[in-house]
Amino acid sequence: MNHSYRNTTFSAEICDGCMNGCSLHQPGCQRGMEKAGKKGTAYRSLASAQEEYLKRQEEMRQNVNDLEETIARQFRDWDENFISEKDALRTDLIGMQIFDQPIFGISNAFDPLYRSLKKQEIVGPWHKLPTGFLKEGKRVISMFFPYTEQVKRNQRMSLGETTPEWLHGRIEGNAAMVSFAKDLCEVIRQKEYLACVPVTEPGFQVVMNGIGIAGYKEIKETTFGSTWSERHVAYISGLGTFGLSRGLITQNGIAGRFCSIVTDMLLPVTDRTYKEYDEWCTKCGRCAIRCPVHAISLEAGKDHVPCGKRIDESKIRYAPRYGCGQCQTAVPCESRRPT
């Protein structure tokens, strides 16, 4: 996993997330402790508040250890991570492993950056807050599932075509990943916490070419987005920063898929080790060179319209699958954070 918290001294928020500067990194904030306790709880003394704070620290430590172990165990037992004989596009792809072990980051559901996603220049006013999917939500767990070398290898050498391996990663991989997240939710619920996978909830919607989400005057024919952007969630959760192609570059690269969970389980928040939204992108321009429809440029970044048309065409060409993958392979950030 990408984090080990076993020897960490936590400074993460454990209150209801007001984000007014109370990080509780020093035990003793009476107001914060009142908010950290059950609703309506009043502490008789500063000592009782400090005691509750330390209990919450231990709860977070145990929860994240359990989470890390559960993800590792699920990955080991994950049959859907291998292409079945029924689904294989070629016989030599039967049994192909789709993903390497996922990494994860955790964010506060009340982080101000979530509200900033409603800005038109970032995602749009249709983007939901974590509490829009789970009103009791306190944390967001973002997971990145990196593709295996077998999925990426032939796509690197492809000149405009989408390989069967990549198509499997995009379609069967996505379905397997969502199933993985739902299973993880069930484990969390068994511990008597609440949890949901936003992309499986009724409030999740996608807009492409201005079609798919109604009721917002800001949506134009050129609008692409959704009510829950996994890439932006991953950025907020400390997993990485955006590249020129607007994919998200993690420590394990850009070639893979993201999925997330909203929960009321208290967990330590992952530090964002970056300040700029594109800090890990070197602007080498390799993804722009690789793009078969010239949707990426060093000057303008990513133009979603030609990219969207390319995906629409692939849905016809490779039906019932689709995908591209050119900008995520044969680039310096394919499998690692570039130096």
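**Exercise 1. Determine which strands helix H6 lies across, and place those strands in their sheet.**

Solution. Helix H6 (residues 172-190) lies across strand S2 (139-146), S3 and S8, and runs at about 25° to S8. The angle is taken between N-to-C directions on a scale from 0 to 180 degrees, with axes as lines fitted to C-alpha atoms, for helices over the stretch in contact; contact means heavy atoms within 4.5 Å. Helices (H or I, at least four residues) and strands (E, at least two) are DSSP runs, numbered from the N terminus.

The next step is the sheet. Four strands form an open, antiparallel sheet in the order S1-S2-S8-S3, where two strands pair if DSSP finds at least two bridges between them. Strand S1 (103-108) and strand S3 (195-196) are the edge strands, each pairing on one side only. S3 is joined by two bridges to the antiparallel strand S8 (residues 256-263). Ala 195 stands opposite Thr 263 in S8.

**Exercise 2. State how far the model can be relied upon, and where the pLDDT is below 50.**

Solution. This is a predicted model, in which local features need pLDDT of at least 70 and side-chain atom pairs count only at pLDDT 80 or more, while totals for chains, interfaces and linings use all residues. Residues are numbered from 1 along each chain as its sequence is written, and side-chain values use heavy atoms, with hydrogens and water left out.

The pLDDT is the predictor's confidence in each residue, from 0 to 100. Its mean for the protein is 87, and 85% of the residues reach 70 or more. Over residues 1-28 the pLDDT is below 50, although this stretch has 77 contacts in the model beyond near neighbours in sequence. Residues 38-43 also have pLDDT below 50, with nine such contacts. Where pLDDT is low, the predicted coordinates should not be read in detail.

**Exercise 3. Identify the elements that supply the largest nonpolar core.**

Solution. A nonpolar core is a set of buried Ala, Val, Leu, Ile, Met, Phe, Trp, Tyr and Cys residues joined through side-chain atoms within 4.5 Å. Buried means under 20% relative accessible area, exposed over 50%, and partly exposed in between (1.4 Å probe, protein chains only).

The largest core has 38 residues; Tyr 114, Val 140, Trp 228, Leu 239 and Leu 248 have the most contacts inside it. At least two residues each come from S2, helix H7 (230-236), strand S7 (248-250), S8 and helix H8. H7 gives the most, with four residues. Another core, of 35 residues, lies apart and includes Phe 75, Met 143, Leu 184 and Val 197.
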